[in-house]
Every structure is written in C-alpha cells, then in structure tokens.
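Could you take a few minutes with the model below and work through some short exercises? Try each task on your own before reading the solution.

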Amino acid sequence: MGLVGWVDWVRKRWAGQSPPVPPSHAGTASELVRDEGSTSGPICFSGGRLSFRVGLMSTQGNVRESNEDNYYVAGIPSHRVTSGSAENGQLAPPADDVPGLFLVADGMGGQLAGEKASELAVTLIPRKFKRLLGDQGTDEAVQKVIREAVAEANQEILAQSHLIPEFANMGTTVVLALMHNERAYVAGIGDSRAYRLRGGRLELLTQDHSLAQALVTAGTIKPEEGENHRFRNVLYLYLGCKDARGGPEEIQTLELEPGDRFLLTSDGLTGVVRDDVIASILASSDDPQRTAQALVGQALENVSKDNITCLVIHVI
Ligand code: CA
C-alpha cells in the first residue's frame, strides 16, 4: 500500500461517547488516575486493504509525581512538552505525521530529564521518518530508516544530556511499530515492550535490555527469577547511551493479518501484570480504547508504582 495508500487516512474519534470500562475494572481508571493521555474512543484509519483501530492510555499512576512516559500516534498530540513552556502538562503540538508509526517511550533521569528524553524520542523519530520513509518498498530500506531515525534521536539525547545541566544523564526507552506495506516492523531499545496477539496466542516481539534479562539469557538465573530480580530495572541499553548509537539491534518484520492485535507498553504495565493476563485482556474486547483502559486499570489494581502507557492497535 505504501504511504500513498495512507494519504486519505481517516482519523475518527467517537465523539461524545466515553469509552465503556469493563465491570471488573469499573471506576478504577477514571477515579484513581489523573489520565493525561487518553482518547475519548478508538482512533480509526485505513491503509490499503487493511484498517486499524487504535486505543491509547497514558497515566502517571498513583505514586509518581509526574509522567515520564510519552507516546506517538500520527495525528494526535504527544501529551506533554517540557521545554519552551512555563507549564508542564501542556499538550505538545502534533508532531510530524507519519501514519502507521506508533511509539512508546519511558524516560529516565529524574523528572524534567526523564520527561525531556521521552519527549525527544517521540518528536525526533517521527521527524526523521517523515523525511526518509516515503514509499520505501523493501524491508531493507524500511529497516534502514528505522535504524537511522532511532540512532539520530539517540545522538541528540546524548548531546543535550552533555550540554544542558538539567538534562544530565537523561535517557529513555523506546518501542516502535511501523505498519507499512501490509507489514509490521517492530523494534525496541530498553525495556518497553511490543506484543502481538494472534489466534489467542500472545507473543513478545521485543527483548528487554535489562541486566536481569541478560542474566536470564546467559543462563545465570531462571526466567522466573528474572521477574523480580533487583537488576530488573537496570538497563544496559537505552536512548541516551553510547551503545545505542547504531539504533535497534533487531527489527522484527511481520506480515500483517486481519485480527492481529498489537500492544506497545511501558514497564508500568509489564512489571505488575503477567503475560497471560495481558493476553486475556487483549482478547476480551473489540474496542482497543476499552482494552487500553482495562490494561491500565489492571496495572493499578496490581499496585503499579510507575507511570503506565498502553497503546493498542487492532488490525481489521
Ligand atoms: Ca517506567
């Protein structure tokens, strides 16, 4: 389909309808959370033979004083700006539109620095895509764009971290999915994750770049030990570190099929909700906005102490 096929993409919100919340989570999300990044209903658009419905929710949660998570969905503003503005919490202007591109970023380094790093990721990566992606047809060409876009964002975050004292040592994870030519290109740096639900089976598409996961991969500890390991949140790869200068090491390239459901999420969800529960919530509703809210609701019910961002994409 290429980007030409996306030109007439249509984004519709279900105006005036607040999305239904499943009974088991009733009230949780709306009462306990100051939700900064949620849409009033699914965002819908189409490209070629396929159409997509997107649900999104991002919240600071009940413990953190700010939300260092950020996200990118073409056509809607990323939820915060930290620089050039006297007020935090102000909506950022829409970033460069790249229909089919989705990002979640989880910033680190203390409030302002963490917010700035994740904001840079969701601003700079789409900007580079906008310039380079065009109608790139081959997998190799698209993967090259992904590597360059992420590498350039890494460079900029490193530079600002060195130059601006208040942003010293800032960093961010990033997980991205690009729906292009009826394929999904998925990559991540850090421990934000991408999943695909197909035929009732949940598949983790990204690898955590945490020390705990490295110990699991090396066979030093068992996978179940990794889940609550003290190095679980210690990352060896993230945007803002020199080792990420080449962009993502691995890019999954998957044929899209109607019925596929994708989830991009920060560790505010995956740190407290098991994969089998994520799978059943992803399967439970045809409304991705309802699903995003239910996932956030479950994370809060499980006493997540972190920011939580869930971006759900249904392929139709
Ligand atoms: Ca986090």
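The exercises below concern a predicted model, and each comes with a worked solution.

**Exercise 1. The overall chain**

Task: Find how many helices and strands the protein chain has, and what percentage of its residues count as buried.

Solution: Start with the secondary structure, which comes to 8 helices and 13 strands. Next, turn to burial: the protein chain has 316 residues, and 57% of them count as buried. Finally, look at the contacts between residues at least 6 apart in sequence; 71% of these join residues at least 24 apart.

**Exercise 2. The calcium site**

Task: Work out which residues coordinate the calcium ion and how their spacing runs along the chain.

Solution: Begin at the ion and list its donors. Asp106 appears twice through OD atoms, and Asp267 and Asp306 are each listed with an OD atom. The distances run from 2.3 to 3.1 Å. Now place the donors along the chain, where they follow the pattern D-x160-D-x38-D. Asp106 sits in strand β5 (residues 101-108) and Asp267 in helix α6 (residues 267-270), so this pair links distant parts of the chain, 161 residues apart. As a last step, check accessibility: Asp106 and Asp267 are both buried. Asp306 also counts as buried, because its relative accessibility is 14% and the cut-off is under 20%.

**Exercise 3. A calcium donor with a second partner**

Task: Which side chain meets Asp306 in a salt bridge, and why does the pair tie together separate parts of the chain?

Solution: First, find the partner. The side chain of Asp306 meets that of Arg64 in a salt bridge, at 3.3 Å from N to O. Second, locate both residues: Asp306 is in the loop between α8 (288-301) and β13 (308-315), while Arg64 is in the loop between β3 (50-59) and β4 (69-73), so the bridge ties together parts 242 residues apart in sequence. Third, look at the accessibility of the partner: Arg64 counts as partly exposed, at 35%.

**Exercise 4. Two further salt bridges**

Task: Describe the salt bridge of Glu255 and Arg183, then that of Asp276 and Arg274.

Solution: Take the pair of Glu255 and Arg183, whose side chains meet at 2.9 Å, N to O. Glu255 belongs to strand β11 (residues 252-255) and Arg183 to strand β8 (residues 183-189), so the bridge ties together parts that are 72 residues apart in sequence. Glu255, at 48% relative accessibility, counts as partly exposed, and so does Arg183, at 23%.

Now for the other pair. The side chains of Asp276 and Arg274 meet at 2.8 Å, N to O. Asp276 is partly exposed, with a relative accessible area of 46%, whereas Arg274 is exposed at 55%. Elsewhere, salt bridges with shared partners join Lys128, Arg131 and Glu152 into one network. The count of salt bridges comes to 13.

**Exercise 5. The largest pocket**

Task: Where does the lining of the largest pocket come from, and how many of its residues are nonpolar, polar and charged?

Solution: Start with the space itself, about 500 Å³. Then move to the lining, which has 20 residues; nearest the centre of the pocket lie Arg193, Pro223, Glu227, Arg232 and Thr270. Next, trace the lining to the helices: α4 (211-217), α5 (223-227) and α7 (275-284) each supply at least two residues. To finish, sort the lining by character, which gives 6 nonpolar, 6 polar and 8 charged residues.

Methods. Residues numbered from 1 in each chain as written. Predicted model: local features only at pLDDT ≥ 70, side-chain atom pairs only at ≥ 80, totals over all residues. Heavy atoms only, no water. Donors = N, O, S within 2.8 Å, 3.2 Å for Na, K, Ca; no water. Helix = DSSP H or I, 4+ residues; strand = E, 2+ residues; numbered from the N terminus. Buried < 20%, exposed > 50% of the residue type's maximum accessible area, 1.4 Å probe, protein only. 1 Å grid on protein atoms, 1.4 Å probe; cavity = no way out; pocket = protein on both sides within 12 Å on 5 of 7 lines; lining within 4 Å. Points joined across faces, edges and corners; volume = space filled by probe spheres on them. Nonpolar A, V, L, I, M, F, W, Y, C, P; charged D, E, K, R; others polar. Salt bridge = Lys/Arg side-chain N within 4 Å of Asp/Glu carboxyl O. Contact = heavy atoms within 4.5 Å.
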